[in-house]
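Visitor: I should like a close look at a single part of this fold, namely the sheet together with what packs against it. Please take me through that part step by step.

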Amino acid sequence: MKIIITTDSNLLHTRLLTILSSLKRLDIVADAKSIEEALTMSKVLSPDVMIFSFHHYDQSAFEKLQEIKKEKDRPVIIVLTGTPYSQTLTRWNEAGADYTFDLAFQFNQMVDKLGELMDKNLYGLNQSVSKN
């Protein structure tokens, strides 16, 4: 399963690379520092999953996610957020996030979700995204 990681945090970037690189059947095909860079990479690399986490973001981040959401064969979008308020989570979901996780308390759940997605991908079930 191909993944693009996008974060503006060096610490989180290192943590994601360390944990995700240990998972079998998972290929980190790119990492980006901005959502614009991730969009460009996505068009070339056709990832199955894109993981986003930003400490600094504005309205344009939501608009860019909406662009990805409109793509025909779009990847699964996972957002890790440090602001897990229901209003913020709702905005990410409306913008196109398939899954949102609280960075401080749900990191392991995000890793578990990736495992589920890898199993679906392995058996050809990744054509439809089902939110939980």
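Guide: In this predicted model, β1, helix α1 (residues 10–20) and β2 form a β-α-β unit, and that unit is right-handed. The two strands of the unit, β1 (residues 2–7) and β2 (residues 27–32), pair with each other in the parallel sense, over five bridges. Two pairs of residues help to locate this pairing in the structure. Lys 2 has Asp 27 of β2 opposite it, and Thr 6 stands opposite Ala 32, again in β2.

The pair belongs to an open sheet of five strands, which are parallel in their pairing and follow the order β2-β1-β3-β4-β5. At the edges are β2 and β5 (99–102), each of which pairs on one side only. On average, and with direction ignored, neighbouring strands of this sheet are turned by 20° against each other.

Helix α1 packs on the sheet, where it touches β1, β2, β3 and β4 (76–81), and its direction makes about 160° with that of β1. The burial of the residues in α1 can be set beside this packing. Leu 12, His 13, Leu 16 and Leu 20 of α1 are buried. These four residues lie on the same side of α1, because the arc that they cover around the axis is only 105°. Asn 10, Leu 11 and Thr 18, on the other side of α1, are exposed.

The loop between α1 and β2 contains Arg 25. The phi angle of Arg 25 is near 65°, which is a positive value in a residue other than glycine. Arg 25 is partly exposed, and its relative accessible area is 43%. A second residue of this kind is Ser 46, which is not a glycine and yet has a positive phi of about 45°. Ser 46 is situated in the loop between α2 (35–45) and β3 (49–53). With a relative accessible area of 45%, Ser 46 is partly exposed.

From β3 one may pass to β4. These two strands run parallel and are joined by four bridges, and Ile 51 stands opposite Ile 78 in β4. How many of the six residues of β4 are buried? Six of the six are buried, so β4 is largely enclosed by the rest of the structure. The burial extends to both faces of the strand: Val 76, Ile 78 and Leu 80 are buried on one side, and Ile 77, Val 79 and Thr 81 are buried on the other.

β4 also pairs with β5, in the parallel sense and over four bridges. In this pairing, Leu 80 stands opposite Phe 101 in β5. The chain passes from β4 through α4 to β5 in a β-α-β crossover that is right-handed. Helix α4 lies across these two strands, β4 and β5, and runs at about 160° to β4.

Helix α4 has a further partner in a helix. Helix α3 (residues 59–69) packs with α4 (residues 86–95) at an angle of about 35°, and the axes of the two helices are 8 Å apart. On the α3 side, the residues that meet α4 are Gln 59, Ala 61, Phe 62, Leu 65, Gln 66 and Lys 69, whereas α4 contributes Arg 91, Trp 92, Asn 93, Glu 94 and Ala 95. Sorted by class, this contact of α3 with α4 comprises five nonpolar, three polar and three charged residues.

Finally, Arg 74 occupies the loop between α3 and β4. Arg 74 is partly exposed, with a relative accessible area of 24%; the cut-off for a buried residue is under 20%. If residues up to four places away in sequence are not counted, Arg 74 touches Ile 68, Lys 69, Gly 96 and Asp 98. One of these, Lys 69, also takes part in the contact of α3 with α4. Asn 93, another participant in that contact, is 19 residues from Arg 74 in sequence, and the C-alpha to C-alpha separation of Arg 74 and Asn 93 in space is 15 Å.

Key
Residues numbered from 1 in each chain as written. Predicted model: local features only at pLDDT ≥ 70, side-chain atom pairs only at ≥ 80, totals over all residues. Heavy atoms only, no water. Pairing = 2+ DSSP bridges. Right-handed = clockwise from strand over helix to strand, strands pointing away. Axes fitted to C-alpha atoms, helices over the stretch in contact; angles between N-to-C directions. Contact = heavy atoms within 4.5 Å. Nonpolar A, V, L, I, M, F, W, Y, C, P; charged D, E, K, R; others polar. Buried < 20%, exposed > 50% of the residue type's maximum accessible area, 1.4 Å probe, protein only. Arc of directions from axis to C-beta.
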